[in-house]
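These are my notebook entries on a single protein chain. I record what I looked up, entry by entry.

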Amino acid sequence: MSSFLSAAWGADTPTAPIWLMRQAGRYLPEYRKLKERYGFWRMCRTPEIAAEATLQPVRRFPLDAAILFNDIMTPLPPMGVDIDFDPGPVIRRPVRTPEAVRRLRVPACDEVAPFVADAIRLVRQACPVPLIGFAGAPLTLATYLVQGGGSADYLEFRTWLLRNPGLARELLDMLTDVTIGYLRMQVGAGAQAIQIFDSWAGIHHERGYAAFGLPYAARVLDALGGLGVPRIYLAVGASHLYPQIATLPAEVVSVDWRYGLNRCRQAMPGKVIQGNLDPAVLLGDDQVIDTAAVQLLRDGLGGAHIFNLGHGVLPATPPAAVARLVDTVHRFSRPAALAEAKHPEPSGERSFDPNGAGFTAGNERKFCRHRIVSLLRAGEDG
Ligand code: CP3
């Protein structure tokens, strides 16, 4: 089994598998070419182009998983909602009234996005690593539908929830039904893992999330149980919700960069942890990237860890920074680092023996001594 799938099912793998949210995107010149030619929505809806965008980062970097190129908004137009991108989603007629909610359709699962099934089949024919399918969580989809687009505080949506709890449940129920059908279709077409993006869960109070977030995310995740694919749940800015998130039927929880990885693990016992490098680190130089990656890898010891960013790759990221990160993560031997953590050198000074210092045996020759020393020092400083 691939290291990504092994880790997702709970194995403490010798190296941490790595993939990155938004690994297909504007930081890649080959992505920008496709986008200039076709536009974002057409890319999402044309299987050959969506498959090509999915494969671009996997061809360029030795990543351990691919994520389908598409968007969490994809299931909404078949429900009767018009969406543009600028570059984030814009809904010119937000869904706020009982009439608007009741006008929405719940399409059959094969009607939602047949082009996504075709894109998945195309990727599977050409992709050397597991393919992750995805959808937005009902609460996050409702956030965009009601707010009408992105916002710093989603005040319109939060106020609407407080004023219309019954209508909100109706909307969330419909979104849950559509999402379940959409994700079952993706698994049927060949997606080998599923990630639920609850990007805006963290804006809510614990009680708000308990009422409008958790039950619907749980229903989606529960409906995917028994399909043989690991389930990943991502909420951003949501450390206050970890006690609730820990109860979700997901094998993996993806965490943003605000909270230390070791503390995330303690807060959600039994969950595989995915994350959580600050995407801003990739705007730093090699030393910054190595330092942060090694600190994070050390924090991730003591259980399964899938290396990722805390949120998507930023458009200004140099592709060479992604290459550097993937390389550093793959060179880090988790068993060696764990042994060293349990039996540190008795003297204050370390020997800098690469075989005993967290780096895979055999790779050290490719490594200049300076880099090994600086990687270790970096980890010690933190
Ligand atoms: O991660 C990947 O590489 C797979 C593709 C993917 C996209 N969107 C492509 C995309 C995935 C998994 C998503 C999910 C998505 N879409 C989320 C959840 C993840 C998150 O960021 O929290 C959300 C909230 C959306 C809605 C959305 N779509 C936003 C906020 C934006 C604008 C973001 C930006 O980069 O400015 C989009 C557009 C979008 N989706 C782009 C890409 C590559 C940028 C489009 C462009 O090229 O201009």
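**Entry 1. Glu251**

With which side chain does the side chain of Glu251 make a polar contact? I looked this up first and found the side chain of Arg231, at 2.7 Å. I note here that the model is a predicted one. Glu251 sits in the loop that runs between H13 and S7. I checked its exposure as well: Glu251 counts as buried because its relative accessibility is 18%, and the cut-off for buried is under 20%. Leaving aside residues up to four places away in sequence, I listed the residues that Glu251 touches as Ala8, Trp9, Val229, Pro230, Arg231, Lys271 and Val272. Arg231, the polar partner, thus appears in the contact list too.

**Entry 2. Confidence**

I next looked up how far the model may be read. The average pLDDT of the protein is 92, and 90% of the residues score at least 70. I marked two stretches for caution. Over residues 360-370 the pLDDT stays under 50, and the model has 18 contacts for them beyond four places in sequence. Over residues 376-382 the pLDDT again stays under 50, with 14 such contacts. I do not interpret those contacts, because predicted coordinates should not be read in detail where pLDDT is low.

**Entry 3. Asp256**

I then turned to a second acidic residue. Asp256 is placed in the loop between strand S7 (252-254) and helix H14 (261-267). Is Asp256 buried or exposed? Asp256 is buried, as its relative accessible area is 2%. Its side chain reaches a backbone atom, the nitrogen of Gly237, at 2.6 Å. Not counting residues up to four places away in sequence, Asp256 touches Ala235, Val236, Gly237, Ala238, Asn276 and Gly310. I return to Asn276 in Entry 6, where a cis peptide bond joins this residue to Gly275.

**Entry 4. Helix H12 and Leu214**

For helix H12 (residues 214-224) I recorded the buried residues: Leu214, Tyr216, Ala217, Val220, Leu221, Ala223 and Leu224. Which elements do they pack against? I found the helices H8 (138-147), H10 (165-189), H11 (206-212) and H13 (242-245), together with the strands S5 (193-198) and S6 (231-235). Just after H12, Gly226 has a positive phi of about 80°.

I followed Leu214, which is in H12, a little further. Leu214 is buried, with a relative accessible area of 18%. Beyond residues up to four places away in sequence, Leu214 touches Tyr209, Gln244, Ile245, Thr247 and Leu248. I also took a C-alpha separation: Leu214 and Pro47 are 167 residues apart along the chain, and their C-alpha atoms are separated by 32 Å.

**Entry 5. H15 and H16**

I looked up how helix H15 (residues 286-299) packs with helix H16 (residues 319-331). The angle is about 35°, and the axes are 10 Å apart. The crossing of H15 past H16 is right-handed. On the H15 side I listed Asp286, Ile289, Asp290, Ala293, Val294 and Leu297; these meet Ala321, Arg324, Leu325, Thr328 and Val329 in H16. By class, this contact has 7 nonpolar, 1 polar and 3 charged residues. I add a general reason for the spacing of such residues: an α-helix has 3.6 residues a turn, so residues three or four places apart point the same way.

**Entry 6. Backbone geometry**

I searched last for cis peptide bonds and for positive phi angles. The peptide bond from Asp86 to Pro87 is cis, with omega near -20°. Pro87 is in the loop between strand S2 (84-85) and strand S3 (89-90). Gly275 and Asn276 are also joined by a cis peptide bond, with omega about -10°. Asn276 belongs to strand S8 (residues 272-277).

Two residues other than glycine went into my notes for phi. Arg22 has a positive phi of about 60° and lies in the loop between helix H1 (3-8) and helix H2 (29-38). Tyr154 has a positive phi near 50° and lies in the loop between H8 and helix H9 (155-163). Which of these is buried and which exposed? Arg22 is exposed, with a relative accessible area of 54%, whereas Tyr154 is buried, with 1%.

Technical notes: Residues are numbered from 1 along each chain as its sequence is written. Side-chain values use heavy atoms; hydrogens and water are left out. pLDDT is the predictor's confidence in each residue, from 0 to 100. Contact means heavy atoms within 4.5 Å. Axes are lines fitted to C-alpha atoms, for helices over the stretch in contact, and angles run from 0 to 180 degrees between N-to-C directions. Helices (H or I, at least four residues) and strands (E, at least two) are DSSP runs, numbered from the N terminus. A crossing is left-handed if the near helix is turned anticlockwise from the far one by less than a right angle, and right-handed if clockwise. Ala, Val, Leu, Ile, Met, Phe, Trp, Tyr, Cys and Pro count as nonpolar, Asp, Glu, Lys and Arg as charged, and the others, Gly among them, as polar. Buried means under 20% relative accessible area, exposed over 50%, partly exposed in between (1.4 Å probe, protein chains only). A polar contact is a pair of N or O atoms within 3.5 Å; within protein, one must be able to donate a hydrogen and the other to accept it, and residues adjacent in sequence count only if both atoms are side-chain atoms.
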